[in-house]
Amino acid sequence: MSFLKKKGIHISFKTYLIDGLSFMALGLFSSLIIGLIMQTAGNELGITFLTEMGVLAMGLAGPAIGAAVAYGLKAPPLVLFAGVITGAAGYALGGPAGAYVAAVFSTEIGKLVSQSTKIDIIVTPFVTIAAGYGISALVGPEIQSFMQATGDTIGWATEQRPFVMGMLVAGLMGLALTAPISSAAIALMLDLDGLAAGAAAIGCSAQMIGFAVASYRDNKLGGSLAQAIGTSMLQVPNIVRNPLILIPPTVAGVLLAPLGTVWLQMENNASGAGMGTSGFVGQIMTFDTMGFTLNVLIMVVMLHFIGPAVISLLLSHYMLKAGMIKPGQMRIDTGGVKHEKA
């Protein structure tokens with residue numbers, strides 16, 4: 001263990017399923033998600049240059065994931081740069097989940113050999129790339145098939161039982177967004193789409209808008225905006241101290257989801273499903289999926305913004321009066337956030 005520690009390898013749940021997925025989400029946002037936004041904007045506005053730029057960014061999602069994960073795992077320079085290649089290999093053979101596995105595996109193997117020979121400049125990138133490509137070829141297609149099957153099952157179940165499954169998907173994805181794991185990465189790895197993605201977007205939006213409104217008395221405008229268009233993960237330290245503060249935004253998402261899945265048939269895609277209102281990606285992807293019409297705009301405003309705000313405000317006010325939440329328990333420290341979270 002001392003050898004692994006010396007090499008900067010820390011085998012833990014936090015390292016691989018919290019830090020790793022969080023940085024994977026940053027890589028996805030810097031390539032696939034922002035590229036899709038550019039492409040959508042370019043198509044809608046008739047700007048070819050913007051569309052082409054978006055297509056290019058989307059095509060480099062694998063390398064971006066590889067570099068982001070390697071950076072997040074504190075890889076040495078040669079391992080980090082080789083991670084661009086392993087991420088690309090993993091993405092080509094196993095999609096986003098394959099890119100993540102390839103990046104994690106190759107980064108840790110690369111760390112083991114880094115600076116251990118006099119020809120480090122050859123050995124380290126060779127071993128890193130070989131490890132990443134090897135694991136991609138070995139398990140990448142199986143990982144992609146499993147994630148695709150899981151996502152398809154969730155989508156099928158949501159279509160068959162839109163009321164119950166809509167509530168379940170919204171609740172779980174909303175909690176994932178606020179927890180220190182990446183709901184965006186989960187949605188993309190599962191390739192959620194259709195009604196399931198629509199329910200997930202409602203649940204994630206409810207967390208962000210719900211916390212922003214419920215905590216306004218503690219955080220005022222600046223703190224509320226940081227949660228509404230940034231991340232509700234800012235509330236994690238407060239949730240640890242009083243888990244009951246999760247109730248208002250979670251209930252809001254669960255209650256609103258059936259409106260979207262049963263009555264309004266609200267859909268989304270994998271890029272918007274796990275983003276909520278962060279950078280308004282969830283809303284932009286709703287328009288990309290359903291078209292930008294007045295009816296869709298009204299749905300988005302009601303189910304992503306007004307509905308979560310009203311329900312969360314009423315519930316938090318009741319809980320405050322009942323002593324379940326106390327003044328100051330949702331105050332956040334925006335200065336303590338070091339990384340973006342989706």
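At what angle do α2 and helix α14 pack, and how far apart are their axes? In this predicted model, α2 and α14 (residues 281–290) meet at about 50 degrees, with 10 Å between their axes. An angle of that size makes α2 oblique to α14. The crossing of this pair is left-handed. On the α2 side, the residues involved are F29, I33, L36, I37 and T40; their partners in α14 are V281, I284, M285 and D288. A general property of helices helps in reading such lists: an α-helix has 3.6 residues a turn, so residues three or four places apart point the same way.

Helix α2 also packs against α3, and here the geometry is of another kind. The axes of α2 and α3 come within 7 Å and cross at roughly 160 degrees. Because angles over 145 degrees count as roughly antiparallel, α2 is placed in that class relative to α3. This crossing, too, is left-handed. From α2, the contact draws on S31, L32, G35, L36, M38, Q39, A41, G42 and N43, while α3 contributes L50, T51, M53, G54, V55, A57 and M58. Readers following along in the structure may like to find L36, which is listed in the contact with α3 and also in the contact with α14.

Next comes helix α4, which covers residues 61–72. How well does the span of this helix agree with expectation? At 1.5 Å a residue, its twelve residues should span 16 Å, and the end C-alpha atoms are indeed 16 Å apart, so the two values agree. Helix α4 is mostly covered, with nine of its twelve residues buried. These buried residues are A61, G62, P63, I65, G66, A68, V69, A70 and G72. Which helices do they pack against? The neighbours are α2 (13–45), α3 (48–59) and α5 (77–113). Just after α4, the chain reaches K74, which takes a positive phi of about 60 degrees.

Two single residues offer a closer look at the surroundings of individual side chains. S106 lies in helix α5. Is S106 buried or exposed? Its relative accessible area is 0%, so S106 is buried. Leaving aside neighbours within four places in sequence, S106 is in contact with V79, T86, T128, A131 and G132. I306, by contrast, is found in helix α15 (residues 294–321) and counts as partly exposed because its relative accessibility is 39%. I306 and G210 are 96 residues apart along the chain, yet their C-alpha atoms are separated by 9.5 Å.

Finally, these details can be set beside the database record. An unreviewed UniProt entry places the feature "domain: Phosphotransferase system EIIC" at residues 20–331. Over that range, the model is 81% helix and 0% strand, with the end C-alpha atoms 27 Å apart. The unreviewed entry also carries the annotation "transmembrane region" for several stretches, among them residues 21–41 and 121–141. In the model, residues 21–41 are 100% helix and 0% strand, and 28 Å separates the end C-alpha atoms. Residues 121–141 are likewise 100% helix and 0% strand, with 31 Å between the end C-alpha atoms.

Technical notes
Residues are numbered from 1 along each chain as its sequence is written. This is a predicted model: local features need pLDDT of at least 70, side-chain atom pairs count only at pLDDT 80 or more; totals for chains, interfaces and linings use all residues. Side-chain values use heavy atoms; hydrogens and water are left out. UniProt positions are given in the numbering used here, feature names are shortened, and annotations may be inferred rather than shown by experiment. Helices (H or I, at least four residues) and strands (E, at least two) are DSSP runs, numbered from the N terminus. The expected span of a helix is 1.5 Å times one less than its number of residues. Buried means under 20% relative accessible area, exposed over 50%, partly exposed in between (1.4 Å probe, protein chains only). Contact means heavy atoms within 4.5 Å. Axes are lines fitted to C-alpha atoms, for helices over the stretch in contact, and angles run from 0 to 180 degrees between N-to-C directions. Angles under 35 degrees count as roughly parallel, over 145 as roughly antiparallel, 65 to 115 as roughly perpendicular and the rest as oblique. A crossing is left-handed if the near helix is turned anticlockwise from the far one by less than a right angle, and right-handed if clockwise.
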